[in-house]
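Visitor: I'd like a close look at one small part of this protein, and then at how the rest fits around it. Could you take me through it?

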Amino acid sequence: MSFLRPEAVAAVRRWALPLGLAAVGLAMAVIWLPRLLGGNWLALVPLGIAALVLMTAAALAQSALAGLWARFGGPGLVTIEEGRISYFGPTGGAILALDGLDLVQIVVGGDVPGGRAWRLADAFGQHAVIPAGANGAAKLLDSLGTLPGFEVVHAIAAMQRARPGSEDIWRRPDPSTRRLG
């Protein structure tokens with residue numbers, strides 16, 4: 001259970017790299033300041049300026065990337081071809097057979113980029129957490145709608161809920177009906 005609001009956690013995650021770089025810069029200044037005042041501080045000025053420029057460039061790149069993710073809702077790419085759902089994101093990915101799925105969940109809040117995601121799991125224990133805003137994720141609803149007993153209306157309602165947590169949308173009713181491969 002988190003004591004922080006999901007929006008606050010998302011903001012901290014968005015700015016984690018720039019804040020981390022600023023902390024490193026501050027630590028470097030605190031550690032080097034006594035040495036600068038007691039020694040040849042002019043020799044370290046170009047190094048400090050170069051470090052400041054590199055940290056600023058990295059912070060700007062991170063904020064641009066965070067803004068891009070916020071605009072599109074989530075990182076990654078989803079493709080659905082010949083009964084296979086593929087997700088490739090910045091930290092990993094998975095390829096799952098649509099006929100082999102055992103569980104479909106909607107995850108809201110927490111560590112999910114964009115705040116909402118699909119969690120798919122198969123019989124082998126493999127799973128994928130796909131941000132709802134990932135490129136191509138809109139096609140998931142159509143594909144998952146072909147699963148026996150999957151209710152599209154229930155999935156849409158769960159995706160629009162605001163409370164954090166996960167909710168089972170669909171479970172395979174009878175594992176013997178699964179086709180793997």
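Is Ala138 buried or exposed?

Guide: Ala138 is exposed, because its relative accessibility is 68% (exposed means over 50% relative accessible area, buried under 20%, and partly exposed in between, with a 1.4 Å probe and protein chains only). Before we go on, bear in mind that this is a predicted model: local features need pLDDT of at least 70, side-chain atom pairs count only at pLDDT 80 or more, and totals for chains, interfaces and linings use all residues. Residues are numbered from 1 along each chain as its sequence is written, and side-chain values use heavy atoms, leaving out hydrogens and water.

So where does Ala138 sit? You'll find Ala138 in the loop between strand 6 and helix 4 (helices, H or I with at least four residues, and strands, E with at least two, are DSSP runs numbered from the N terminus). Now try following the chain back to Val78: Ala138 and Val78 are 60 residues apart in sequence, yet their C-alpha atoms are 8.9 Å apart in space.

Let's zoom out for a second. The protein has five helices and seven strands, and from the N terminus they run α-α-α-β-β-β-β-β-β-α-α-β. Of its 181 residues, 30% are buried. If you take the contacts (heavy atoms within 4.5 Å) with a separation of 6 or more, 53% of them link residues 24 or more positions apart.

The strands make two sheets, and we can begin with the one built from strands 1, 2 and 3. This sheet is open, with the order 1-2-3 and antiparallel pairing (two strands pair if DSSP finds at least two bridges between them). Strand 1 and strand 3 are at the edges with a single partner strand each, so one side of each has no neighbour in the sheet. From one strand to the next, the twist averages 10 degrees (axes are lines fitted to C-alpha atoms, for helices over the stretch in contact, and angles run from 0 to 180 degrees between N-to-C directions).

Strand 1 covers residues 77–81 and joins strand 2 through five antiparallel bridges. Ile80 stands opposite Ile85, and Glu81 has Arg84 as its bridge partner. These two strands form a hairpin with two residues between them. Have a look at Glu82 in that turn: its phi is near 50 degrees, a positive value in a residue other than glycine. With 83% relative accessibility, Glu82 counts as exposed. Ser86, in strand 2, is buried, with a relative accessible area of 10%. Leaving aside residues up to four places away in sequence, Ser86 touches Leu77, Val78, Thr79, Ala94 and Ile95.

On to the other sheet. Here four strands make an open sheet in the order 6-5-4-7, again with antiparallel pairing. Strand 6 (127–131) and strand 7 (165–171) are the edge strands, each with a single partner strand, so one side of each lacks a neighbour in the sheet. The twist averages 20 degrees from one strand to the next. Strand 4, residues 101–108, is joined to strand 7 by six bridges, and Gln105 has Asp168 in strand 7 as its bridge partner. Helix 5 (residues 152–160) packs on this sheet, touching strand 4, strand 5 (116–122) and strand 7, and its direction makes about 175 degrees with that of strand 7.

Last stop, the largest nonpolar core (buried Ala, Val, Leu, Ile, Met, Phe, Trp, Tyr and Cys residues joined through side-chain atoms within 4.5 Å). It has 25 residues, and Leu101, Val104, Trp118, Ile130 and Leu144 touch the most other members. Among the elements that each supply at least two residues are strand 2, strand 3, helix 4 (140–144) and helix 5. Strand 4 gives the largest share, four residues. If you click on Val104, not counting residues up to four places away in sequence, its contacts include Trp118, Leu120, Leu144, Phe150 and Ile169.
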